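Biologist: Could you take me through one part of this model in detail? I'd like to look at the largest pocket and whatever sits around it.

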Amino acid sequence: MAHRVTLIPGDGTGPELTQAARRVLEATGVEFEWDVRQAGVEVMEKEGTPLPDDTLESIKRNGTALKGPITTPIGTGFRSVNVALRHELELYACVRPCKSYPGVRSRYEGVDVVVVRENTEDLYAGIEYEAGTDTAEQVIATLNALQPKQIAPGSGISVKPISADASRRIVRFAFDYARSHGRREVAGITKANIMKFTDGLFLSVFREVAADYPEIASREVLVDALCMGLVQRPEEYDVLVLPNLYGDIVSDITAGLVGGLGLAPGANIGADAAVFEATHGSAPRYKGQNKANPTAMILSGKLMLDHLRERDAAQRLEQAVTDVIAEGKHVTYDLKPSRDDPTAVGTSEYADAIIARLALSARASERTGLRNGN
Ligand code: NAD
């Protein structure tokens, strides 16, 4: 049966990148029924909102979406569509695998790290009080009355809520992910030595949950030590689970370790819906030029196949991407030794090369099947 998936082309380079990913996904042989819906700056001009209700309803109905990047308009009063989607659909887990692919120019080899970031709490919960406002002064006065340590009047305040329930949900997600993907270790990342009641709570939940997964190693790492460890010996890390803010920062470090944003896929997952999207933004300067690298978007499609339990197709797709990058011939400008290499191909031709690889591997496995009498 075909998988019904909401497809959001997005804006900037989003439409050309999602088109490339869509063609590659279809070439795996898995059947999709795409429910194409709009979000972003272009639809905002027409409908007055960057996230129309029918788009949200479509994701709720289908449970799965592949989404192109979307520009966050500055100074319009609209919040980011990306943040709104995570909030409305309660997409509590952000998963960002970062893997070295031979042929990509990077300082490192053998990196295979999965960042599992909590998506709903922490300093990103959006509970903030602007310096100098009456509410900020009231918050400061209330806090100052409760404690000997005093907050200076006129300070801006951001609140960092971390709950046991949300921590348990994300840590359990990370261990379940490790179990179902054959990973060896989950590291719990905090700054629990300093923030005892927030990161400390996250860490105590991490210890409690880790005990339920005896076959998976667990380790505790402070976020500053992790940053140094990642740039010195990234191959020593496996699955990382982090509160929201550290997860955001660390996933950019891990993307950098494997060659940059053009190669970093992502998934935002909740109990009832999952949205797959590249880590990068809309790269507006390349809009309509058939130039941007669709790898992150295509690999987000690979994560979607995994999620839809199309494991064999997911593996074939990743192998095809690996082969095309390793060969280095039909790749976008950013994967060539120099950025003005005239042999670089466009977004669409790179997708064609991956599709050709998929066809090649399908023919090879057909031949093996015939030889084995299957
Ligand atoms: P960006 O990721 O769009 O670009 C950062 C740099 O990486 C740029 O130099 C860009 O040209 C390059 N780049 C990004 N993707 C690339 C690709 N596939 N191939 C080749 N080069 C690529 O980040 P930005 O410029 O900070 O943001 C642009 C817009 O995207 C902003 O409005 C931002 O809010 C939005 N954004 C959206 C998402 C999302 O939709 N999930 C994520 C991040 C940023």
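Modeller: Here is a walk from the pocket, through one of its residues, to a cavity and then out to the sheet. Keep in mind that this is a predicted model.

Let's start with the pocket itself. The largest pocket holds about 660 Å³ of space, and 27 residues line it. Nearest its centre you'll find S80, N82, V83, R86 and R117. If you sort the lining by character, you get 11 polar, 9 charged and 7 nonpolar residues. As for where the lining comes from, helix 4 (81-88) and helix 9 (244-257) each put in at least two residues. Helix 4 gives the largest share, with 4 residues.

Now zoom in on R86, which belongs to helix 4. It's one of the residues nearest the centre of the pocket, yet R86 counts as buried because its relative accessibility is 17%, under the 20% cut-off. Leaving aside residues up to four places away in sequence, R86 is in touch with L91, N119, N268 and E277.

R86 also takes us to the cavity. Searching the whole structure for cavities of 30 Å³ or more turns up 1, and the largest cavity has about 40 Å³ of space. R86 is part of its lining, along with C94, R96, G266, A267, N268, E277, A278 and T279. So N268 and E277, which R86 touches, line that cavity too. Strand 4 and strand 11 each provide at least two of the lining residues. By character, this lining splits into 3 charged, 3 polar and 3 nonpolar.

Those strands bring us to the sheet. It's an open one with 10 strands, ordered 2-1-3-12-11-4-5-10-8-9, and the pairing is mixed. At the edges sit strand 2 (32-36) and strand 9 (217-222), each paired on one side only. From one strand to the next, the twist averages 25 degrees. Helix 9, which we met at the pocket, packs on this sheet and touches strand 4 (93-99), strand 5 (112-118), strand 8 and strand 10 (239-242). Its direction makes about 155 degrees with that of strand 5. Out at the edge, strand 8 (residues 185-190) and strand 9 run parallel and are joined by 6 bridges; one pair of bridge partners is V186 and S218.

Last, have a look at helix 10 (residues 295-307). It lies across strand 1 (3-8), strand 2, strand 3 (64-67), strand 4, strand 11 (267-269) and strand 12 (274-276). With strand 3, helix 10 makes an angle of about 175 degrees.

Technical notes
Residues are numbered from 1 along each chain as its sequence is written. This is a predicted model: local features need pLDDT of at least 70, side-chain atom pairs count only at pLDDT 80 or more; totals for chains, interfaces and linings use all residues. Side-chain values use heavy atoms; hydrogens and water are left out. On a 1 Å grid over the protein atoms alone, a cavity is a set of points where a 1.4 Å probe fits but cannot get out, and a pocket is an open set with protein on both sides within 12 Å along at least five of seven lines; lining residues have an atom within 4 Å of a point. Grid points are joined across faces, edges and corners, and a volume is the space filled by probe spheres set on the points. Ala, Val, Leu, Ile, Met, Phe, Trp, Tyr, Cys and Pro count as nonpolar, Asp, Glu, Lys and Arg as charged, and the others, Gly among them, as polar. Two strands pair if DSSP finds at least two bridges between them. Axes are lines fitted to C-alpha atoms, for helices over the stretch in contact, and angles run from 0 to 180 degrees between N-to-C directions. Contact means heavy atoms within 4.5 Å. Buried means under 20% relative accessible area, exposed over 50%, partly exposed in between (1.4 Å probe, protein chains only).
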